[in-house]
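Work through the exercises below with the sequence and the model side by side. Try each task before reading its solution.

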Amino acid sequence: MSGFAEVSFKGTRRGYFRFDALELSPGDPVIVQSDRGEDLGRVTALGSIAERKCSSSGGCATPTPSLRVIRRAAAEEVARARHKADDERRARLETRQHVARHGLKMKVTETEWQFDRKKLIIYFTAEKRVDFRALVRDLARAFRTRIELKQIGVRDEAALLGGVGRCGRELCCSTWLPELRPVSLQLAKDQSLSLNPAQISGCCGRLMCCLMYEHQSYVEARRRFPREGRKIRTGLGHERVVNVNIFTETITLRSDDGEQRVVTVAELKEEMATRQGR
């Protein structure tokens with residue numbers, strides 16, 4: 001079997017590869033071609049699904065990827081990849097020492113060894129541009145391998161490190177969320193949530209990704225209600241819409257005299273229909 005595959009690695013890193021004469025399924029560990037070597041990842045999508053994800057993410061420079069899946073990983077290779085976690089921890093600590101010695105304003109978040117140890121990826125965050133050329137030379141001498149420093153954002157950092165969200169569950173970005181998409185404050189406004197940053201921000205300090213999950217349902221539900229602030233003609237004359245509650249399907253109205261009342265959507269529609277029929 002031949003085709004197109006999306007392969008995920010540590011954190012949110014992923015790549016797209018072609019393969020020939022291999023029977024692959026999502027979740028399979030595989031050895032793939034990488035920059036000047038080989039790497040181990042896990043298949044997350046195949047065929048047309050992988051192609052669409054590649055196109056939408058901008059990860060495909062050409063219709064057919066130049067790199068390919070070499071083979072399914074053997075059990076001992078998967079075990080060896082698990083054991084490299086200790087080496088990555090040591091590399092992370094040593095890299096931080098080098099950063100401190102150079103006096104660079106950057107935070108080393110995580111390190112990742114390529115499976116064949118021919119490259120070490122160092123993930124970091126920084127508020128401003130950092131000149132790390134001297135640092136790379138020192139790290140190359142210390143680890144005797146090719147060094148790649150990769151600057152990431154705070155949301156990618158949370159996905160790499162993991163953690164527990166306000167809901168008490170593991171972070172979506174580090175467990176199942178396929179990609180990180182921009183989250184705007186309008187999502188919270190549409191759902192009538194508190195705009196207090198402390199209540200709608202995640203561990204990364206940015207707006208929570210889960211604000212997107214039910215947003216479309218809220219938008220569709222609110223189409224059945226008049227817009228807040230709008231003046232409408234009801235059975236009692238002109239009244240202003242003060243508040244709507246999509247869960248109880250009620251609307252709070254206020255007259256020009258300042259009197260408020262609560263009606264259901266059905267009651268309001270009946271009043272307005274009766275008013276128009278006069």
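Three exercises follow, on overall form, on a sheet and on one loop residue.

The model is predicted: local features need pLDDT of at least 70, side-chain atom pairs count only at pLDDT 80 or more, and totals for chains, interfaces and linings use all residues. Residues are numbered from 1 along each chain as its sequence is written, and side-chain values use heavy atoms, with hydrogens and water left out.

**Exercise 1.** Describe the overall dimensions and secondary structure of the protein.

Solution. Step one: count the elements. The protein has nine helices and twelve strands, taken as DSSP runs numbered from the N terminus (helices H or I, at least four residues; strands E, at least two).

Step two: take the extent. The C-alpha trace spans about 85 × 50 × 35 Å along its principal axes. The radius of gyration is 27 Å, whereas a compact globule of 278 residues would have one near 19 Å; the radius is taken over C-alpha atoms, and the globule rule is 2.2 Å times the number of residues to the power 0.38.

Step three: look at burial. Of the 278 residues, 36% are buried (under 20% relative accessible area; exposed is over 50%, partly exposed in between; 1.4 Å probe, protein chains only).

**Exercise 2.** Trace the five-stranded open sheet and find its edges.

Solution. Step one: write down the order. It is 2-1-4-3-5, with antiparallel pairing; two strands pair if DSSP finds at least two bridges between them.

Step two: find the edges. Strand 2 (14-19) and strand 5 (69-72) each have a single partner strand, so one side of each lacks a neighbour in the sheet. From one strand to the next, the twist averages 45°.

Step three: inspect one pair. Strand 1 (residues 3-8) and strand 4 (residues 37-46) run antiparallel and are joined by four bridges. In this pair A5 stands opposite L46.

Step four: add the helix. Helix 2 (residues 75-102) packs on the sheet and touches strand 3 (29-34), strand 4 and strand 5. Its direction makes about 105° with that of strand 4 (axes are lines fitted to C-alpha atoms, for helices over the stretch in contact; angles run from 0 to 180 degrees between N-to-C directions).

**Exercise 3.** Is D28 buried or exposed, and which residues does D28 contact?

Solution. Step one: locate D28, which lies in the loop between strand 2 and strand 3.

Step two: apply the cut-off. D28 counts as buried because its relative accessibility is 11%.

Step three: list the contacts (heavy atoms within 4.5 Å). Apart from neighbours within four places in sequence, D28 touches E23, G41, R42, V43 and R72. In addition, a polar atom of the D28 side chain lies 2.7 Å from the backbone nitrogen of S25.

Definitions and conventions: Polar contact = N/O pair within 3.5 Å; in protein donor to acceptor, adjacent residues only side chain to side chain.
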